[in-house]
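Let's take a friendly walk through a protein model together. Have a look at the fold first, and then follow the text below.

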Amino acid sequence: MTLTERDGAAGARGAPDGLYGILAGFAGRAAATAGIGKDPVNLPMIRHWCEAMGDAHPAYRGPDAVAPPTMLQAWTMGGLSGHTDRSSAHEELFALLDGAGYTSVVATDCEQEYLRPLRPGDEITFDTVIESVSELKTTKLGTGHFVTTRTDVRAGGELAGTHRFRILKYAPAARRPKPAAPETADTKPAARPVRRPRPVINRDNAGFWEGVAAHRLLVQRCGDCATLRFPWLPGCADCGSREWDTVEASGAGTVFSYVVMHHPSFPAFTASDDPAAAGGPYAVGLIELAEGVRMISNVVGVPYDKVRIGMPVRLEFLRADEELELPVFRAEGED
């Protein structure tokens, strides 16, 4: 979910008892001063990041490697043990918001600006400031305040980039219960089948879904450097070419990684092919196709707790409803 302060344009413009005046006073206060990155920029972290993102750009490998720009925040993170060099302003601000009833939090958006590439061996320092606290805003989630922090990231004392992070601290909106009405055989509404969410189809990926409708899993291939890519994109990440054609995947693959979805439950998704399992836990796999690209899909034909990394799978097409077919992957050797 993405929220911005524009979502609260119709919300309240102040806070009770002068609270907003106190909150606004935190703007400009330091949240961390002269913070030190726990590790220098290093190739192992760059490699792990690129593998997780599926980014094989040659700029991130070899003796002249640079770090992907979007890793900017990664070099400042404190991990599970956190940082010990933070000021008290951040904790004071959150204590005030919690005390006023704004106890829930959701990240809304971030902005990054890159000024110079980071290279292995760079020692990272950073300063974080509370840039702003919004007036009281009302969103669909509830009413609260947007808090924006800005982190200036330096390498060897030179400004390398800036990371702005915005959250909403809010009091959840109360849900109004619908009045219960007595049901009779004549008034009880017929149960509607629960349908899967529709995929977003646009001009960049329409060809992929046309292939699915024809029971073909199509992978883009760059017209200049022949690099395969998935998901579908308008240009090649390796050479920048906008020329492309497609190859049809064989359907063979392995589970590269996976997660098990427990909550929220959704009746349209099932733990296996068993309709009785609707709404139960189910496995979402990152499937590495035999062609070398990866895609996200459901793993079917095996209980969710039996899915394993490295498990061979085979493509099939699932008829989700009268309008929708989806590519899924069945565990090999399962009926």
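Which element gives the most to the lining of the largest pocket? That is helix α2, with seven residues.

Before going further, a word on the ground rules. This is a predicted model, in which local features need pLDDT of at least 70 and side-chain atom pairs count only at pLDDT 80 or more, while totals for chains, interfaces and linings use all residues. Residues are numbered from 1 along each chain as its sequence is written, and side-chain values use heavy atoms, with hydrogens and water left out.

## The protein as a whole

The secondary structure comes to four helices and 14 strands. Here helices (H or I, at least four residues) and strands (E, at least two) are DSSP runs, numbered from the N terminus. Of the 335 residues, 36% count as buried. Buried means under 20% relative accessible area, exposed means over 50%, and partly exposed lies in between (1.4 Å probe, protein chains only). Among the contacts with a separation of 6 or more, 66% come from residues 24 or more positions apart; a contact means heavy atoms within 4.5 Å.

## The largest pocket

Rolling a probe the size of a water molecule over the atoms shows where empty space is left. On a 1 Å grid over the protein atoms alone, a pocket is an open set of points with protein on both sides within 12 Å along at least five of seven lines, where a 1.4 Å probe fits; lining residues have an atom within 4 Å of a point. Grid points are joined across faces, edges and corners, and a volume is the space filled by probe spheres set on the points.

The largest pocket has a volume of about 790 Å³. Its lining has 27 residues, and the closest to the centre are C50, M53, G54, D55 and A56. Both α2 (43-53) and β8 (228-229) supply at least two residues each to this lining. By type, the lining divides into 15 nonpolar, four polar and eight charged residues. In this count Ala, Val, Leu, Ile, Met, Phe, Trp, Tyr, Cys and Pro are nonpolar, Asp, Glu, Lys and Arg are charged, and the others, Gly among them, are polar.

## A sheet of three strands

Strands of a sheet pair through backbone hydrogen bonds, either parallel or antiparallel. Two strands count as paired if DSSP finds at least two bridges between them. Now look at β8, β7 and β9: in that order they form an open sheet with antiparallel pairing. The edge strands are β8 and β9, each pairing on one side only.

Strand β7 (residues 218-222) is mostly covered, with four of its five residues buried. Five bridges pair it with β9 (residues 244-248) in the antiparallel sense. Along this pairing, L218 stands opposite E248, and Q220 has T246 as its bridge partner. On the other pairing, two bridges join β7 to β8, and R221 is matched with L228.

What do β7 and β8 form, and how many residues lie between them? They form a hairpin with five residues between them. A226 sits in that loop. Further on, in the loop between β8 and β9, you will find P231, which a cis peptide bond joins to F230, with omega of about 5°.

Two residues have a positive phi although they are not glycines, and the table sets them side by side.

| Residue | Place | Phi | Relative accessible area |
|---|---|---|---|
| H215 | loop between α4 (206-213) and β7 | about 60° | 43% |
| A226 | loop between β7 and β8 | about 65° | 46% |

## Cysteines without a bond

A disulfide is a covalent bond between the sulfur atoms of two cysteines. How many disulfides does a search of the whole structure find? It finds zero, where a disulfide is a pair of cysteine sulfur atoms within 2.5 Å. The sulfur of C222 is 3.5 Å from the closest cysteine sulfur, in C239, so it is too far for a bond. For C225, the closest cysteine sulfur is in C222, at 3.6 Å, and that is also too far. C222 is buried at 3% relative accessible area, whereas C225 is partly exposed at 33%.

## One residue in β10

Finally, find V260 in strand β10 (residues 252-261). V260 is partly exposed, with a relative accessible area of 24%. Not counting residues up to four places away in sequence, V260 touches P281, Y282, A283 and Y304. V260 and G285 are 25 residues apart in sequence, and their C-alpha atoms are 8.6 Å apart in space.
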